[in-house]
Amino acid sequence: MKISRRKLLLGVGAAGVLAGGAAVVPMINREGRFESTKSRVPAVAGTEGKLPESADAVIIGAGLQGIMTAINLAEKGLNVVICEKGVVGGEQSGRAYSQIISYKTSPAIFPLHHYGKIQWLGMNEKIGADTSYRVQGRVEVPSSEKDLEISRAWIKSASENPGFDTPLRTRMIEGTELANRLVDAQTPWKIGGFEEDSGSLDPEVVTPTMANYAKSIGIRIYTNCAVRGIETAGGKISDVVTEKGAIKTSRVVLTGGIWSRLFMGNLGIDVPTLNVYLSQQRITGVPGAPKGNVHLPNG
């Protein structure tokens, strides 16, 4: 029996919804509708011609993570190739929320978020183009006294040693400062956590911009070129096998998003993932809603 990748993914997602039971059903029962969406990323031309016989590193997946990984490796002097089963930014990178925030993240991932903000601050100047990155500042109002305690404890802990020679720019704000950040809010909120250096990116801008920059520094991006597997020799990676041929390499980075678990499963490696159900109400301005980048307990 033949089954497409997309049908397989939908099947996995359906199983996750059934397993989720009570947690998911209330969300499904909300007023609204399911819509099939397409990537918002404009087309980026893939590299023409045959695959190279070899590369220092092969990246699987041409979303933003794969593109940025390739750029970092190329800047270290490696010859890098990206293989993408579809088009550039065709999956998560074309639909992403794309906020770069570190507020209340766990110690395991806080350094990545904190460093990410530092990196994006200088990206426009570095590549000579507008990536869409903007520093906005974000307010999150605690949902309870317990949440307020957690927020204060997180700020204290993260402030002690944020790393990368960059201080934590997150603090609690009240009074006029908070009110000025919650313009048009109907509830008189008393206190909120304010992350001064939080930022955001527009997927439809940053993904093609960084992909074209990657190509300009010699990174080859082969689209409609699914990777089928990885070969080893003497216990080490030797080849990446694609639907268009094999590439000899000793380094592979998998940046396949939700497809990564399926790919690693073919290698006998289980990568646990969580199903995500996204309820998207609106992506344009709402008259009378609080202005700015805010997260409020009442939605």
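Trainee: How many aromatic pairs does the count come to?

Mentor: The count comes to 4 aromatic pairs, where rings of Phe, Tyr and Trp (its six-membered ring) pair if their centres lie within 6.5 Å, and planes under 30 degrees apart count as stacked, over 60 as edge-to-face and the rest as tilted. This is a predicted model, in which local features need pLDDT of at least 70 and side-chain atom pairs count only at pLDDT 80 or more, while totals for chains, interfaces and linings use all residues. Residues are numbered from 1 along each chain as its sequence is written, and side-chain values use heavy atoms, with hydrogens and water left out.

Trainee: Why is the pair of Trp120 and Tyr133 called stacked?

Mentor: The ring centres of Trp120 and Tyr133 are 6.4 Å apart, which is within the limit for a pair, and their planes stand at 25°, under the limit for stacking, so the pair is stacked. This pair links distant parts of the chain, since Trp120 belongs to helix 4 (residues 110-121) and Tyr133 to the loop between helix 5 (123-127) and strand 4 (134-135), 13 residues apart. Helices (H or I, at least four residues) and strands (E, at least two) are DSSP runs, numbered from the N terminus.

Trainee: Are Trp120 and Tyr133 buried or exposed?

Mentor: Buried means under 20% relative accessible area, exposed over 50%, and partly exposed in between (1.4 Å probe, protein chains only). Trp120 has 10% and is therefore buried, and Tyr133, with 6%, is buried as well.

Trainee: What makes Leu267 partly exposed?

Mentor: Leu267 has a relative accessible area of 35%, which lies between the two cut-offs, so Leu267 is partly exposed. Leu267 is found in the loop between helix 9 (260-265) and strand 14 (293-295).

Trainee: How do you know that strand 10 and strand 11 pair?

Mentor: Two strands pair if DSSP finds at least two bridges between them, and 6 bridges join strand 10 to strand 11 (residues 236-242), so the condition is met, and these strands run antiparallel. Among the partners in strand 11, Val240 is matched with Ile230, and Asp239 with Glu231. Strand 11 is also joined by 4 bridges to strand 12, again antiparallel, and here Val240 stands opposite Ile247.

Trainee: Why are strand 10 and strand 12 called edge strands?

Mentor: The 3 strands form an open antiparallel sheet in the order 10-11-12, and its edge strands are strand 10 (227-233) and strand 12 (245-248), each of which pairs on one side only.
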